[in-house]
Amino acid sequence: MDDKEMSVYEHLGELRKRLIIVVVFFVIALVASFFFVEPVILYLQQTDEAKELTMNAFRLTDPIKIYFQFAFVIAFILTAPVLLYQIWAFVSPGLYEKERRVTLSYIPLSIFLFLAGVSFAYFVLFPFVVRFMQNLAERLGIHQVIGINEYFQFLLHLVLPFGIVFQLPVVVMFLTRLGLITPMLLVKVRKYAYLVLLILAAIITPPDVLSQIIVMIPLSILYEISIWVSKMAYRKVLLAQKEQENLP
């Protein structure tokens, strides 16, 4: 850890600097995202799920609304590595040198898990949900008229949360390194955690058991992986504390 202790004002100044860096990069990423928005939207409209649907704009402003929504989503994804690095840079002075190197490696892992979560939701869950909705509408004799705004909003609201939920192992590992949680605590609250995961699965999926099981399986695996990761991180914390105590 750094020998010099920062005052409250110095911490606030450091936080302000980190926030400014993130905001500036986000603005740059937002400008750059305008070059990717149109190809992304056109690609998503050519997928198997979208081809079966006729996209309609029920408001004159729907196309521009979708355009800017995707611009902000792309900009956020591009900014995520910078945001994670700035968070690390802000908390790193309170870590040992070895912990700084280890926690810095969490950034590429976090990006990988985000992409894995989004991929799972888009390629596995989203097609299943669309088919479920279509079959339900057919059984009820309902002719679906799909608005492009509603379609893409449903897509984003279903897919993006999984990128965040898949961060669980990284968050657990980081909090364990900071000493805020322990693997013993995660094991102790396991049954309550599974209840929360089950409620989360019910919220973000259609009201059928099969889709909830499809979501619950990876969430349960993530929680068990988080416990295993926390155990490894906790052992390293204890080892680092012993090494620090043995220093003259």
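The questions and answers below concern a predicted model.

Q: Why is V31 called partly exposed?
A: The relative accessible area of V31 is 47%. Partly exposed residues fall between the buried class, under 20%, and the exposed class, over 50%. The value of 47% lies between these cut-offs, and V31 is therefore classed as partly exposed. This residue is found in helix α1.

Q: What makes V31 eligible for a nonpolar surface patch, and which residues make the patch with V31?
A: A patch residue needs over 30% relative accessible area, and V31 has 47%. Val also belongs to the nonpolar side chains that can be joined within 5 Å. The patch, of about 610 Å², is made by V23, V27, V31, F34, I64, F68 and F72. Helices α1 (8-33) and α4 (62-91) are the elements that give two or more residues to this patch.

Q: Why does Q134 count as buried or exposed?
A: Q134 has 17% relative accessibility. Buried means under 20%, so Q134 counts as buried. Q134 is found in helix α6, residues 106-139.

Q: Which residues is Q134 in contact with, leaving aside its neighbours within four places in sequence?
A: Q134 is in contact with E52, L53 and Q144. Contact here requires heavy atoms within 4.5 Å.

Q: What makes up the lining of the largest pocket?
A: The lining consists of 21 residues, and L84, I87, S110, Q167 and V170 lie nearest the centre of the pocket. Helices α4, α6 and α8 (168-177) each supply at least two lining residues. The largest share, 8 residues, comes from α4. About 570 Å³ of space lies in this pocket.

Key: Residues are numbered from 1 along each chain as its sequence is written. This is a predicted model: local features need pLDDT of at least 70, side-chain atom pairs count only at pLDDT 80 or more; totals for chains, interfaces and linings use all residues. Side-chain values use heavy atoms; hydrogens and water are left out. Patches are made of residues with over 30% relative accessible area and no salt bridge: like charges are joined within 9 Å, nonpolar side chains (Val, Leu, Ile, Met, Phe, Trp, Tyr) within 5 Å. Accessible areas come from the Shrake-Rupley method with a 1.4 Å probe; for residues, only the protein chains shown count as cover. A salt bridge is a side-chain nitrogen of Lys or Arg within 4 Å of a carboxyl oxygen of Asp or Glu. Helices (H or I, at least four residues) and strands (E, at least two) are DSSP runs, numbered from the N terminus. Buried means under 20% relative accessible area, exposed over 50%, partly exposed in between (1.4 Å probe, protein chains only). On a 1 Å grid over the protein atoms alone, a cavity is a set of points where a 1.4 Å probe fits but cannot get out, and a pocket is an open set with protein on both sides within 12 Å along at least five of seven lines; lining residues have an atom within 4 Å of a point. Grid points are joined across faces, edges and corners, and a volume is the space filled by probe spheres set on the points.
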